[in-house]
Amino acid sequence: MSKKSKALEYYYEKFKAALLVFLIVLCIVQIGILWSSQSGSFPFLSSFFPDSKATSQVSLEEVKENYMLPYKIVLSKGYDEEHYIVPNGSREYKSLWDNAGEYITKALETKPTQTQLIDEEKWGVILANKSYYFEFKTQISIDIVKWVLNIKKPVDTLPGLSKIVICPDDPNNSYYDVIYIRDAVNIYTYILTDHGQNSLDQEVFDSVYNSLHGKPNFSNYKIAIETGINSALPKDMIAPFTSNSTEAYATVDYTPLGSQDGHTSSLAEYNAVQMELFGEVRSDYMPDEDVYGSIVFKNSDSVYRLYNNSVAEYKFIGTQISTEKPKVLEAYQRAVSFIMDIKDRSKYMGAINLYLSSISESSNSYTFKFDYSIAQGGEYGELPVLLKDFTLPGSDQPFDSSITIETTSKRVIQCRWLALKLQAEKSLIEYKWNFPEFVDKAYNSIDSLKNSNLPIQNYGIYYVLVQGSKDYSINPSFVLFNSEGNYSIPLNGQ
Amino acid sequence: MRSRLLLFIIIITAIMSLVVSPVGAAPGKFVEISRPEGNAEVVTKDVFSIFGTCVYDETIITFEYKDRSTEEFKPLETTEGYSTFKVGSGKMFGKDIKLKYRGENIIKIIAYTKDVKDDKDKQVQTYTITQGEEKKKSNWFEKAIEWITNPGKDSDKDKKD
């Protein structure tokens with residue numbers, strides 16, 4: 001063999017080896033891409049891919065606290081004294097909730113001193129007497145609480161928590177810190193005899209009170225127990241029961257995604273909707289329109305749909321293999337990851353905060369509901385969004401929360417969310433209102449409420465979004481809830 | 001024929017008695033006062049909140065207090081500045097009043113509907129609200145002494161004080 005042909009063979013072998021290495025690398029990359037696009041994670045390779053689960057797991061750790069926030073934080077000066085709702089999203093709200101986490105963690109690492117069945121009257125008295133009250137919209141499963149608060153050594157006694165009262169240095173309990181936690185059935189009392197923290201002590205209380213006192217949307221309310229034990233109201237309801245409260249709220253403007261007349265036909269319009277939904281134009285999703293006129297983007301295992309009423313939907317249509325009972329924490333993490341992804345991709349979700357409002361379990365999945373809340377700017381807090389009369393074609397369930405997401409431990413099965421561009425105006429309008437006056441107005445003007453003759457279960461100030469409304473700006477309303485539904489009356493601006 | 005007419009009159013009378021009696025009864029029950037609780041309360045602050053739930057739509061409520069010098073009842077204004085107000089279909093009310101005196105305040109709550117013409121048919125309830133001294137807030141030293149000398153004294157009590 002000549003020297004030249006030897007060299008040629010040498011380079012040919014080199015080329016083959018290089019090609020083999022390249023193909024192996026390509027193969028690994030391909031496997032990585034496939035893994036990252038599936039619900040399961042690939043621990044080593046997924047870190048190379050920007051869209052991978054590992055990346056979102058890291059950010060999930062960073063933002064997990066933002067998805068388990070109390071709907072209400074109340075400061076109380078005692079029975080028949082002043083009670084204030086701390087504006088959600090304010091600096092004081094964040095610091096109080098951060099500090100409360102230390103007390104709750106400590107409590108859940110010990111056994112309760114006392115466990116008693118819920119007595120509404122007693123609960124109302126505790127709430128009115130003690131300094132801090134934290135209320136969630138629903139009972140949060142204890143596994144989720146442990147994960148969010150990083151509780152390392154929990155003593156598992158309660159299935160979840162929905163309401164918490166914290167009384168640091170309680171004079172009625174030898175100046176120990178006392179925590180009352182309520183689930184759907186019991187009140188658990190924890191007396192922390194070796195808790196060295198003082199992040200919610202009297203000094204902190206005074207400092208928060210002083211920094212908020214006199215500011216708008218920090219009004220002196222009463223707690224329903226103080227209206228008398230024979231009053232028919234829920235004993236822990238907090239409201240302006242006697243004098244007017246003056247509060248300032250923004251008008252919220254909203255615009256739907258895509259074409260405003262609900263009909264999209266051109267590729268450019270489809271692409272525009274994709275940009276708003278996904279933050280990019282996805283070539284792997286085929287655009288289409290269904291029989292209801294909804295915009296559809298479909299690939300082999302999932303469908304995105306944008307209904308005419310601005311509800312977006314993701315549906316997994318691939319094969320589900322797993323039949324094992326899902327774990328609530330894993331399902332919740334899937335749900336939060338998915339919602340994070342929507343929030344990251346969609347600019348319209350920027351001004352929206354989310355509150356977990358319901359958790360329900362079926363045989364092989366969990367459904368989580370979240371409500372939107374719109375920031376008013378700084379110390380003015382937030383105002384939640386209430387959906388009214390929203391229905392979806394082909395579904396017998398009302399769409400009553402801003403996000404409804406169904407997940408297993410492995411994947412998201414379905415997610416529906418309100419996909420509107422919501423924007424609070426910069427100027428705020430003053431509203432004067434009190435509870436009995438607006439109950440009167442509601443009963444005088446809404447026949448179905450009057451005829452139902454049912455006790456009031458709750459109330460709130462909301463941005464009420466009515467399906468089909470062509471008024472693209474909304475002002476706050478007073479909303480009453482009973483077991484049959486909700487009834488709203490617009491607040492009167494000044 | 002006569003017995004049928006008699007039966008008809010009896011039925012009509014029975015129905016009328018059911019329908020008319022709630023407003024015509026004397027004195028009527030027009031409001032359930034939930035606060036003050038019982039006939040008397042002791043408070044520390046000079047502003048007291050009165051709460052109640054009315055039985056009928058459109059109930060008129062009047063507050064009065066007993067003047068110590070004349071021993072007569074006079075109109076008692078709420079902090080919003082009126083002593084008589086109407087409660088509509090919502091049926092509930094909550095009003096703040098400023099107590100006139102330290103010590104005993106005799107307060108009268110009068111409730112009626114527009115169908116009530118005679119004073120004797122109005123619902124009248126009298127309450128005694130005693131404004132006492134505000135509890136002095138003890139300092140940390142006093143608290144510590146109290147805790148050392150009497151550690152279990154107040155434990156597990158959730159008083160409304």
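This is a short walk through a predicted model, beginning with its confidence and ending with a small sheet in chain B.

Let us start with how far the coordinates can be trusted. Chain A has a mean pLDDT of 88, and 91% of its residues reach 70 or more. Within chain A, strand E4 (residues 132-141) has the highest confidence, at 97, while helix H2 (residues 53-63) has the lowest, at a mean of 64. The pLDDT falls below 50 over residues 37-55 of chain A, yet this stretch still has 29 contacts in the model beyond near neighbours in sequence. A word of caution fits here: where pLDDT is low, the predicted coordinates should not be read in detail.

Next, the layout of chain A. The chain is divided into domain 1 (3-64), domain 2 (68-243) and domain 3 (247-254 + 305-494). The C-alpha centres of domain 2 and domain 3 of chain A are 25 Å apart. Where these two domains of chain A meet, 26 residues of domain 2 are in contact with 27 residues of domain 3. On the domain 2 side of chain A, E4 and helix H5 (142-148) each supply at least two of the residues that touch domain 3. The largest share of that side, four residues, comes from E4(A).

What about the interior? The largest nonpolar core holds 147 residues, and the members that touch the most others are Ile179(A) and Tyr463(A). Helix H3 (residues 91-108) of chain A is the element that gives the most to this core, with seven residues. The core lies between domain 2 (68-243) and domain 3 (247-254 + 305-494) of chain A, because both give residues to it. Tyr463(A) is worth a closer look in your viewer. Leaving aside neighbours within four places in sequence, Tyr463(A) is in contact with Val252(A), Ile374(A), Leu383(A), Val385(A), Leu386(A), Ile474(A) and Pro476(A).

Now follow chain A to a run of strands linked by hairpins. Strand E11 (residues 286-289) and E12 of chain A pair in the antiparallel sense over four bridges, with Met286(A) standing opposite Lys298(A) in E12(A). Five residues lie between the strands in the hairpin of E11(A) and E12(A), and Gly293(A) there takes a positive phi near 85 degrees. The chain then passes from E12(A) to E13(A) through a hairpin of three residues. E12(A) and strand E13 (residues 302-306) of chain A run antiparallel and are joined by four bridges; in E13(A), Arg305(A) is the bridge partner of Val296(A). Which side chains of strand E12 (residues 295-298) of chain A are buried? Ile295(A) and Phe297(A) point to one face and are buried, whereas Val296(A) and Lys298(A) point to the other and are not.

For a contrast with the core, find Thr319(A) in the loop between strand E14 (311-316) and helix H8 (328-345) of chain A. Thr319(A) is exposed, because just 6 other C-beta atoms lie within 10 Å, and a residue counts as exposed at 12 or fewer. Thr319(A) is 36 residues from Tyr355(A) in sequence, and their C-alpha atoms are 31 Å apart in space.

Finally, turn to chain B. An open sheet of three strands there has the order E1-E3-E7, with antiparallel pairing. Its edge strands are strand E1 (31-35) and strand E7 (92-98) of chain B, each pairing on one side only. Neighbouring strands of this sheet are turned by 30 degrees against each other on average, direction ignored. Strand E3 (residues 47-54) of chain B is joined to E7(B) by seven bridges, and Phe48(B) stands opposite Ile97(B) in E7(B).

Key: Residues are numbered from 1 along each chain as its sequence is written. Chains are lettered from A and ligands numbered from 1 in the order in which they are written. This is a predicted model: local features need pLDDT of at least 70, side-chain atom pairs count only at pLDDT 80 or more; totals for chains, interfaces and linings use all residues. A nonpolar core is a set of buried Ala, Val, Leu, Ile, Met, Phe, Trp, Tyr and Cys residues joined through C-beta atoms within 7 Å. A residue is buried if 20 or more other C-beta atoms lie within 10 Å of its own, exposed if 12 or fewer, and partly exposed in between; C-beta atoms are placed from the backbone. Domain bounds come from an automatic or database domain assignment. Two residues are in contact if their C-beta atoms, placed from the backbone, lie within 7 Å. Two strands pair if DSSP finds at least two bridges between them. pLDDT is the predictor's confidence in each residue, from 0 to 100. Axes are lines fitted to C-alpha atoms, for helices over the stretch in contact, and angles run from 0 to 180 degrees between N-to-C directions.
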